Amino acid sequence: VHLQASGGGLVQAGGSLRLSCAASGIIFSISAMGWYRQAPGKQRELVATITGGGTTNYAEFVKGRFTISRDNAKNTVYLQMNSLRPEDTAVYYCNVASRMTPQHREYVYWGQGTLVTVSS
């Protein structure tokens with residue numbers, strides 16, 4: 001399974017960006033999908049996740065500003081980021097939990113990351 005993330009860039013504080021992450025390859029099913037981020041000198045941290053049934057979970061620092069969604073027909077997860085702050089600057093990574101066939105176990109795959117830079 002290959003994950004292609006896009007949508008990162010440079011934005012001023014208060015602005016918005018929409019990240020996308022499309023999964024391709026041999027995919028029987030995808031359960032959870034999520035976004036994580038890693039700022040320079042810091043550990044990777046969870047931003048938001050969404051289950052196959054659409055249940056979402058957000059880190060406290062993005063609640064009310066970011067929205068995660070998914071398009072199951074396109075095997076794609078999105079992250080709408082509003083009211084961006086300089087402290088949101090990081091490389092954003094997507095991940096999915098996917099099964100190739102009903103007989104295979106589920107694996108977690110990671111995208112390559114997309115850089116989001118928020119200027120003050």
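Let's start with Lys 63, which counts as partly exposed because its relative accessibility is 45%; buried here means under 20% relative accessible area, exposed over 50%, and partly exposed in between, with a 1.4 Å probe and protein chains only. Its partner is Glu 60, and the two form a salt bridge whose closest N and O atoms are 2.8 Å apart. Glu 60 is exposed, with a relative accessible area of 62%. By salt bridge I mean a side-chain nitrogen of Lys or Arg within 4 Å of a carboxyl oxygen of Asp or Glu.

A quick word on what you have in front of you. This is a predicted model, where local features need pLDDT of at least 70 and side-chain atom pairs count only at pLDDT 80 or more, while totals for chains, interfaces and linings use all residues. Residues are numbered from 1 along each chain as its sequence is written, and side-chain values use heavy atoms, with hydrogens and water left out.

Back to the charges. How many salt bridges does the structure hold? There are four salt bridges. One of them joins the side chains of Asp 88 and Arg 65, at 2.7 Å from N to O. That pair links distant parts of the chain: Asp 88 lies in the loop between strand 8 and strand 9, Arg 65 in the loop between strand 6 (56-58) and strand 7, and they are 23 residues apart. Strands, by the way, are DSSP runs of E with at least two residues, numbered from the N terminus. Are these two buried or exposed? Asp 88 counts as buried because its relative accessibility is 1%, and Arg 65 is buried too, at 7%. Salt bridges with shared partners join Arg 37, Glu 45, Arg 65 and Asp 88 into one network.

Within that network, Arg 37 forms a salt bridge with Asp 88, their closest N and O atoms being 2.9 Å apart. Here again distant parts of the chain are linked, with Arg 37 in strand 4, Asp 88 in the loop between strand 8 and strand 9, and the two positions 51 residues apart. Arg 37 and Asp 88 are both buried.

Now for some rings. The count comes to two aromatic pairs, taking rings of Phe, Tyr and Trp (its six-membered ring) with centres within 6.5 Å; planes under 30 degrees apart are stacked, over 60 edge-to-face, and the rest tilted. Tyr 107 and Tyr 109 make a tilted pair, 6.5 Å centre to centre with 55° between the planes. Tyr 107 is partly exposed, with a relative accessible area of 37%, whereas Tyr 109 is buried at 18%.

Tyr 107 has another visitor: the charged end of Arg 105 sits over its ring, 4.2 Å from the centre. The rule asks for NZ of Lys or CZ of Arg within 6 Å of the ring centre and within 35 degrees of the ring normal. Arg 18 does likewise over the ring of Tyr 78, at 4.0 Å from its centre.

Let's finish with Ser 98. This residue is found in strand 9 (residues 90-99) and counts as buried, at 1% relative accessibility. Its side chain reaches the backbone oxygen of Ser 29 at 3.2 Å. Beyond its neighbours within four places in sequence, Ser 98 is in contact (heavy atoms within 4.5 Å) with several residues, including Val 1, Ile 27, Arg 105, Tyr 107 and Tyr 109.

Key:
Helix = DSSP H or I, 4+ residues; strand = E, 2+ residues; numbered from the N terminus. Polar contact = N/O pair within 3.5 Å; in protein donor to acceptor, adjacent residues only side chain to side chain.
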